[in-house]
Amino acid sequence: MYFEFANPEILWLLLLLPVLILLRGAVGKGGSIIFSSVAIAKEAAKKSRSRVGFWRFFLTVAALGFLILALARPRLGMGYSEREESGIDIVLAVDVSGSMSALDFSTRTKLRTRLDAVKEVISQFINKRPNDRIGIVAFAANPFMVSPITLNHDWLIKNIDRLEIGVIDPNRTAIGSAIGMGVNRLRNIKNAKSRVIILLTDGENNSGQISPIAAAEAAASYDVKIYTIAAGRQGVVAAARLDENQNIIRDRNGNPVYGGEIRSQIDEETLKKIADITGGKFYTAQNLAQLEDIYNQIDALEKTKVKLRNFTTYEELFQWFAAAGLAVLALKLALVNTRLRTLP
C-alpha cells in the first residue's frame with residue numbers, strides 16, 4: 001500500500017499560499033474615520049494587527065490549502081503482481097550417502113563435511129533465483145523427495161536442513177533412481193520454459209532399479225537438461241565420525257568430529273555421459289571455492305526473463321480533503337457572523 005497524488009502538478013498552487021501570507025498577513029483594516037486632529041489621524045491610520053483579521057485570513061488560507069490538495073487527487077494505491085510465465089524449473093539432486101561425510105571441503109577457518117558445503121552453496125543458489133520453481137531430491141540407497149518443486153523458497157531453504165546422512169540407507173548410491181524421480185517431477189509441469197536437474201554426487205551408482213544412462217535418456221526425451229557435479233577428491237580422504245544411526249557426530253559448536261579416513265571413488269565417466277546425453281555439462285569440485293564457482297556458472301547459464309503483470313487498485317481520498325476545505329469555509333462564515341463579526 002502506498003500514498004500518491006493522481007495530479008501532482010496541481011500541488012504547485014500551494015506555493016501561492018506563502019505569497020498570500022506575505023502580502024496580506026493577519027492585518028486589520030486601516031482607519032477610515034476623519035479626525036479633527038492630524039496627530040490622532042496619523043496614529044489611527046497605522047496598520048494594526050488584530051486577532052479578528054488573523055483568524056479570518058488563517059481560515060481562508062487553510063480552506064484554500066485543503067481544496068488544492070483535493071484537486072491534486074490524493075489516493076491510496078494497493079498493488080500486486082501476477083506471474084504471467086514462470087522461470088526455469090529446477091530439481092537439485094543431492095547425494096547423502098556415507099561418503100558425503102568426507103572433510104575435504106573444510107577451510108582453514110571451518111571444519112565441514114561435503115554435505116555441509118553443499119547445503120551452504122545450494123542455499124545461496126536458491127536465493128539468487130527467486131523466479132524459478134525449485135525442488136530437492138536427496139538420494140543414497142534410494143531417492144527421497146525433500147521438497148516438491150515450489151516457488152516458496154523460504155520453505156525450501158528450511159527443508160535443506162533435513163539433508164542429513166543417515167536419513168536414507170547411506171551405504172549405497174542410486175544415481176539413476178534419483179534422476180528418474182527428478183524427471184517424473186519435471187515432466188508433469190505444463191508450459192515449462194526449461195527443465196533442469198543439477199545432480200551432485202561423490203560416488204558411483206550401485207543401487208536402484210534404473211541405470212544412470214537409461215535415466216539420462218529418459219530425461220532427454222522430456223527435454224530435461226542435467227548438469228552433473230563430481231564432488232570431492234578421489235582416493236583416501238579424512239571423514240567425520242558417524243554414530244550407530246549413521247548420523248554425523250558433532251561437537252558442542254556444531255562442528256563435525258574427526259572419525260578417521262574413508263576411500264572416495266567417483267564414477268566421473270558416467271557423470272560425463274549423463275551430461276552429454278541431456279545437453280548439460282559435467283563439473284568437478286574438490287573444494288568449497290570450486291563448488292561455489294560451479295553453481296555460479298550454472299546460475300549464469302540458466303537464465304530466463306520472467307514476465308509479470310502488475311495490477312493496482314486505488315482508493316480515492318480527495319473527498320476527505322474537499323470536505324475539510326468546505327468545513328473550514330463553513331467555520332469561517334459561522335465565526336464571521338458571530339465571534340469574529342466586525343463593524344462595516
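This is a short tutorial dialogue on reading features in a predicted model.

User: Where do I start? How many helices and strands does the chain have?

Analyst: Start with the elements. This predicted model has 10 helices and 11 strands.

User: What share of the residues counts as buried?

Analyst: Of the 344 residues, 40% count as buried. Then look at the surface. The chain exposes about 19,200 Å². Carbon and sulfur atoms supply 54% of that area.

User: How do I read the contacts along the sequence? What share joins residues at least 24 apart?

Analyst: Take contacts between residues at least 6 apart in sequence. Of these, 79% join residues at least 24 apart.

User: Now a single helix. What span does helix 9 reach, and what is expected?

Analyst: Compare the distance between end C-alphas with the expected rise of 1.5 Å a residue. Helix 9 covers residues 288–301, which is 14 residues. From its first C-alpha to its last it reaches 20 Å, close to the 20 Å expected.

User: Which residues of helix 9 are buried?

Analyst: L288, L291, I294, Y295, I298 and D299 are buried. Look down the helix axis next. The buried residues fall within an arc of 140°, so they line one face of helix 9. On the other side, A289 and A300 are exposed.

User: What covers the buried residues of helix 9?

Analyst: The cover includes helix 4 (114–127) and strand 6 (195–201). It also includes strand 7 (224–231) and strand 10 (282–285).

User: Which residue caps the N-terminal end of helix 9?

Analyst: For a cap, check the side chains at the helix end. Here N287 does the job. A side-chain oxygen of N287 lies 3.2 Å from the backbone nitrogen of A289.

User: Let me try helix 8. Which of its residues are buried?

Analyst: Helix 8 runs over residues 268–278. Its buried residues are T270, L271, I274, A275 and T278. They cover an arc of only 140° around the axis, which puts them on the same side of helix 8.

User: What do the buried residues of helix 8 pack against?

Analyst: They pack against two helices, helix 6 (175–187) and helix 7, and against strand 6, strand 7 and strand 10. Check the end of the helix too. Just after helix 8, G279 takes a positive phi of about 80°.

User: How many aromatic pairs does a search of the whole structure find?

Analyst: It finds two. To read a pair, take the distance between ring centres and the angle between planes. The rings of F3 and F5 have centres 5.2 Å apart and planes at 85°, so this pair is edge-to-face. F3 is partly exposed, with a relative accessible area of 44%. F5 is also partly exposed, at 23%.

User: Why is the pair of F125 and Y295 called edge-to-face?

Analyst: Planes over 60 degrees apart count as edge-to-face. The planes of F125 and Y295 lie at 70°, so the pair is edge-to-face, and the ring centres are 5.6 Å apart. This pair links distant parts of the chain. F125 is in helix 4, Y295 is in helix 9, and they are 170 residues apart. Both F125 and Y295 are buried.

User: How do I read one residue in a loop? Is S97 buried or exposed?

Analyst: Place the residue, check its cover, then list its partners. S97 sits in the loop between strand 3 (89–95) and helix 4. S97 is buried, with a relative accessible area of 3%. A polar contact of 2.7 Å joins the side chains of S97 and D95. Leaving out residues up to four places away in sequence, S97 touches F139, A140, I165, P170, R172, T173 and D202.

User: Where is S211 found?

Analyst: S211 is in the loop between strand 6 and helix 7 (212–221). At 37% relative accessibility, S211 counts as partly exposed. S211 and S177 are 34 residues apart along the chain, and their C-alpha atoms are separated by 7.5 Å.

User: And in a strand? Which residues does T313 touch?

Analyst: T313 lies in strand 11, residues 308–316. Not counting residues up to four places away in sequence, T313 touches L76, G77 and M78. T313 and M78 are 235 residues apart along the chain, yet their C-alpha atoms are separated by 5.3 Å. T313 counts as partly exposed, at 43% relative accessibility.

Technical notes:
Residues are numbered from 1 along each chain as its sequence is written. Side-chain values use heavy atoms; hydrogens and water are left out. Helices (H or I, at least four residues) and strands (E, at least two) are DSSP runs, numbered from the N terminus. Buried means under 20% relative accessible area, exposed over 50%, partly exposed in between (1.4 Å probe, protein chains only). Contact means heavy atoms within 4.5 Å. Accessible areas come from the Shrake-Rupley method with a 1.4 Å probe; for residues, only the protein chains shown count as cover. The expected span of a helix is 1.5 Å times one less than its number of residues. The arc is that of the directions from the helix axis to the C-beta atoms. A polar contact is a pair of N or O atoms within 3.5 Å; within protein, one must be able to donate a hydrogen and the other to accept it, and residues adjacent in sequence count only if both atoms are side-chain atoms. Rings of Phe, Tyr and Trp (its six-membered ring) pair if their centres lie within 6.5 Å; planes under 30 degrees apart count as stacked, over 60 as edge-to-face and the rest as tilted.
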